[in-house]
Amino acid sequence: MSEREVKNLEAIFDARIERDERIEPKDWMPEKYRQTHIRQISQHAHSEIVGMLPEGNWITRAPSLRRKAALLAKVQDEAGHGLYLYSACETLGITREEMYEQLHSGKAKYSSIFNYPTITWADIGAIGWLVDGAAIINQVALCNTSYGPYARAMVRICKEESFHQRQGYEIMLTLSRGTEEQKAMAQDALNRWWWPSLMMFGPRDEASTHTAQSMKWKLKRKTNDELRQQFIDQTVPQADILGLSVPDPDLKFNPETGHYDFGEIDWKEFWQVVKGHGPCNKERMEARVGAWERGAWVRDAAMAHAEKNKNKTMAKAG
Ligand SMILES: [Fe+2]
Ligand SMILES: [Fe+2]
């Protein structure tokens with residue numbers, strides 16, 4: 001294809017994005033658009049799968065049958081989210097095996113929030129309330145993103161995320177209205193999860209390398225800082241209802257802007273965890289790689305079964 005033809009296709013493509021048209025797998029797309037989407041969607045898929053680990057850790061220790069059923073359902077939902085997203089990503093021309101390989105070798109990233117430990121039952125409440133709450137804010141915008149398979153996967157994911165957020169908040173509500181110890185446990189979980197949750201929106205706008213291009217492709221509709229502010233404005237009143245205090249001495253409602261002002265995020269910690277030095281990075285990767293290796297016989301058996309069935313159908317057809 002000549003340079004001129006490519007320019008032409010690019011112009012048509014940009015106009016489609018401008019008109020809010022969906023881009024589908026077989027449509028022409030710039031290589032950079034394809035690569036950016038592979039990176040973001042696979043990273044998102046990995047986050048869903050690795051995100052099962054900190055919570056899965058509490059399934060056997062949930063305090064009641066009702067809590068256990070809800071937590072099991074939530075963790076299963078996350079597996080489903082991973083599957084929708086891996087499938088959406090495969091439509092861009094990368095295989096599932098390649099994506100797993102990138103995760104297991106440490107080449108691909110996943111959300112840093114899952115590199116923090118879940119120490120008490122209240123952490124399950126705080127994760128649902130804060131982590132799933134932050135995820136919803138990040139993800140609602142993606143329901144209208146330009147790449148069709150990603151946008152459609154996100155519609156379903158967002159519906160399930162709102163159940164996750166509520167079940168977490170309900171755990172926090174129960175604990176904060178319980179005994180002194182339970183309330184202290186809820187406060188401690190909020191103390192530990194608050195700042196990492198704010199980091200989920202990524203670096204400050206001026207330090208974010210992908211924002212401008214992602215905004216152009218409508219892969220992002222609001223900047224990291226705008227989304228973070230929205231999360232804080234929405235979450236602080238919820239903490240008030242719980243009677244818990246947000247661990248930020250600089251947090252204060254600003255009547256002039258109509259938003260909460262807040263303290264500085266520890267960016268040193270943020271980059272440390274991103275670079276693989278968080279409290280649980282190593283443990284999470286060992287769990288994933290271990291599951292992949294221990295599950296090899298299941299994949300082999302499924303392939304052998306499929307092969308046998310294929311031969312049977314072929315014999316019948318012959
Ligand atoms: Fe999810
Ligand atoms: Fe979730």
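Let's start with the iron ion (ligand 1): its 4 donor atoms subtend angles of 84 to 148°, which makes the arrangement irregular. Tetrahedral would need all angles between 85 and 135 degrees. Keep in mind that this is a predicted model.

**The iron site**
- Who holds the iron ion (ligand 1)? The protein donors are Glu-48 (OE), Glu-78 (OE), His-81 (ND1) and Glu-161 (OE), and they sit 2.0 to 2.2 Å from the ion.
- Along the chain, these donors follow the spacing E-x29-E-x2-H-x79-E.
- Glu-48 belongs to helix 2 (residues 31–50) and His-81 to helix 4 (residues 65–90), so the pair ties together parts that are 33 residues apart in sequence.
- Both Glu-48 and His-81 are buried.
- There's also the iron ion (ligand 2), 3.4 Å from the iron ion (ligand 1), and Glu-78 coordinates both.

**How helix 4 meets helix 6**
- The axes of these two helices come within 13 Å and cross at roughly 45°.
- That crossing angle makes helix 4 oblique to helix 6.
- The crossing is left-handed.
- On the helix 4 side, the contact is made by Arg-67, Leu-71, Lys-74 and Glu-78; helix 6 brings Trp-121, Ile-124, Ile-127 and Asp-132.
- Notice Glu-78 turning up again: it is part of this contact and also coordinates both iron ions.

**A look at Asp-123**
- Asp-123 is found in helix 6 (residues 121–140).
- Is Asp-123 buried or exposed? It's buried, because its relative accessible area is 0%, and the cut-off for buried is under 20%.
- Leaving out residues up to four places away in sequence, Asp-123 touches Pro-117, Thr-118, Ala-189, Arg-192 and Trp-193.

Terms used
Residues numbered from 1 in each chain as written. Chains lettered and ligands numbered in written order. Predicted model: local features only at pLDDT ≥ 70, side-chain atom pairs only at ≥ 80, totals over all residues. Heavy atoms only, no water. Donors = N, O, S within 2.8 Å, 3.2 Å for Na, K, Ca; no water. Tetrahedral: all angles 85-135°; square planar, octahedral: opposite > 155°, others 65-115°. Helix = DSSP H or I, 4+ residues; strand = E, 2+ residues; numbered from the N terminus. Buried < 20%, exposed > 50% of the residue type's maximum accessible area, 1.4 Å probe, protein only. Contact = heavy atoms within 4.5 Å. Axes fitted to C-alpha atoms, helices over the stretch in contact; angles between N-to-C directions. Parallel < 35°, antiparallel > 145°, perpendicular 65-115°, else oblique. Left-handed = near helix turned anticlockwise from the far one by under 90°.
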